[in-house]
Amino acid sequence: MIKLFVGLGNPGPEYEGTRHNAGFWWIDALARQFKLNLVHDRGYHGLTARASVDGHTVWLLEPQTFMNLSGKSVAALARFYKIAPGEILVVHDELDVVPGEAKLKRGGGHAGHNGLRDIHAQLGTADYWRLRLGIGHPGVKSEVLNWVLRKPSPDHRIGIEQAIDRTLKAVPALIAGDMDKATQQIHTSKPPRPKPAAAQAAPTGQEPPAAP
């Protein structure tokens, strides 16, 4: 079962609407669904909230360390509450998935994503769950950093919001530990793909080398 839901992003108003903050958008939506307010906790270096769902205690976390140090926040909370890596779900932006789609997986590499890289290092393992929210790819490796730190087009933002709404329906299954059901809910019933950006024709699967 998932006990800790983490959304990745960068703090500050200048980053609020950027693609790299898709994980924050997801946690914000989950907090609204649970009718919770995220509050800053210096001990965990992030915005946190705690909920009781069907008798299970779950945590919501938005690290405020900037993307490259996300693991510092995740590890601090997980270790204090003895939450195992396999009970953690990290929600993040994904270049290799188009806006409007999402993928659930456990383990695997960080593919150059700096938030995942630091979580790997701080937890000492890659054996945690990830919810990959599609943001698409600019088509040119050299443009990736600018791409993730810019706001999506209106069509892409709608697609990302649709993916967030759809994947939130899998939260009860995630908390119950029914990962097969959660995977089915997340990977099926996809909305039509939004119109791709002109520069998005040739994805390469690269993450930014050093996004904040």
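Q: What percentage of the 212 residues of the chain count as buried?
A: The model considered here is predicted. A residue counts as buried when its relative accessible area is under 20%. Among the 212 residues of the chain, the share that counts as buried is 52%.

Q: How many helices and how many strands does the chain have, and what pattern do they follow along the sequence?
A: The chain has seven helices and seven strands. Read along the sequence, these elements give the pattern β-α-β-β-β-α-β-β-α-β-α-α-α-α.

Q: In what order do the seven strands form the open sheet?
A: Strands of a sheet pair through backbone hydrogen bonds, either parallel or antiparallel. In this open sheet the pairing is mixed. On average, neighbouring strands are turned by 25° against each other, direction ignored. The order of the seven strands is E2-E3-E4-E1-E5-E7-E6.

Q: Which strands are the edge strands of the sheet?
A: The open sheet is written in the order E2-E3-E4-E1-E5-E7-E6. An edge strand pairs on one side only, and this holds for strand E2 (39-41) and strand E6 (102-106).

Q: In what sense do E6 and strand E7 pair, and which residue in E7 stands opposite lysine 105?
A: Strand E7 covers residues 129-134, and its pairing with E6 extends over five bridges. The sense of this pairing is antiparallel. Opposite lysine 105 stands a residue of E7, arginine 130.

Q: Which strands does helix H2 lie across, and at about what angle does the helix run to E4?
A: Helix H2 comprises residues 70-80. The helix lies across strand E1 (4-7), strand E3 (46-53), strand E4 (56-63) and strand E5 (88-94). Its angle to E4 is about 160°.

Q: Which residues of H2 are buried, and against which elements do they pack?
A: The buried residues of H2 are Ser70, Gly71, Ser73, Val74, Ala75, Leu77 and Ala78. They pack against four strands of the sheet and one helix, namely E1, E3, E4, E5 and helix H3 (114-123).

Q: Which strands does helix H7 touch, and about what angle does its direction make with that of E6?
A: Helix H7 spans residues 179-187 and packs on the sheet. There, H7 touches E6 and E7. The direction of H7 makes an angle with that of E6 of about 155°.

Q: Is histidine 45 buried or partly exposed?
A: Histidine 45 is placed in the loop between E2 and E3. This residue has a positive phi of about 55° although it is not a glycine. Because buried means under 20% relative accessible area and exposed means over 50%, histidine 45, at 26%, counts as partly exposed.

Q: Is aspartate 54 buried or exposed?
A: Aspartate 54 is found in the loop between E3 and E4. Its phi is positive, about 50°, although the residue is not a glycine. The relative accessible area of aspartate 54 is 71%. The cut-off for an exposed residue is over 50%, so aspartate 54 is exposed.

Q: Which helix contributes the largest share of the lining of the largest pocket?
A: About 160 Å³ of space lies in the largest pocket. Its lining includes Phe24, Trp25 and Asp28, and the lining residues divide into five nonpolar, four polar and three charged. The largest share of the lining is three residues, and they come from helix H1 (residues 22-34).

Key:
Residues are numbered from 1 along each chain as its sequence is written. This is a predicted model: local features need pLDDT of at least 70, side-chain atom pairs count only at pLDDT 80 or more; totals for chains, interfaces and linings use all residues. Side-chain values use heavy atoms; hydrogens and water are left out. On a 1 Å grid over the protein atoms alone, a cavity is a set of points where a 1.4 Å probe fits but cannot get out, and a pocket is an open set with protein on both sides within 12 Å along at least five of seven lines; lining residues have an atom within 4 Å of a point. Grid points are joined across faces, edges and corners, and a volume is the space filled by probe spheres set on the points. Helices (H or I, at least four residues) and strands (E, at least two) are DSSP runs, numbered from the N terminus. Ala, Val, Leu, Ile, Met, Phe, Trp, Tyr, Cys and Pro count as nonpolar, Asp, Glu, Lys and Arg as charged, and the others, Gly among them, as polar. Two strands pair if DSSP finds at least two bridges between them. Axes are lines fitted to C-alpha atoms, for helices over the stretch in contact, and angles run from 0 to 180 degrees between N-to-C directions. Contact means heavy atoms within 4.5 Å. Buried means under 20% relative accessible area, exposed over 50%, partly exposed in between (1.4 Å probe, protein chains only).
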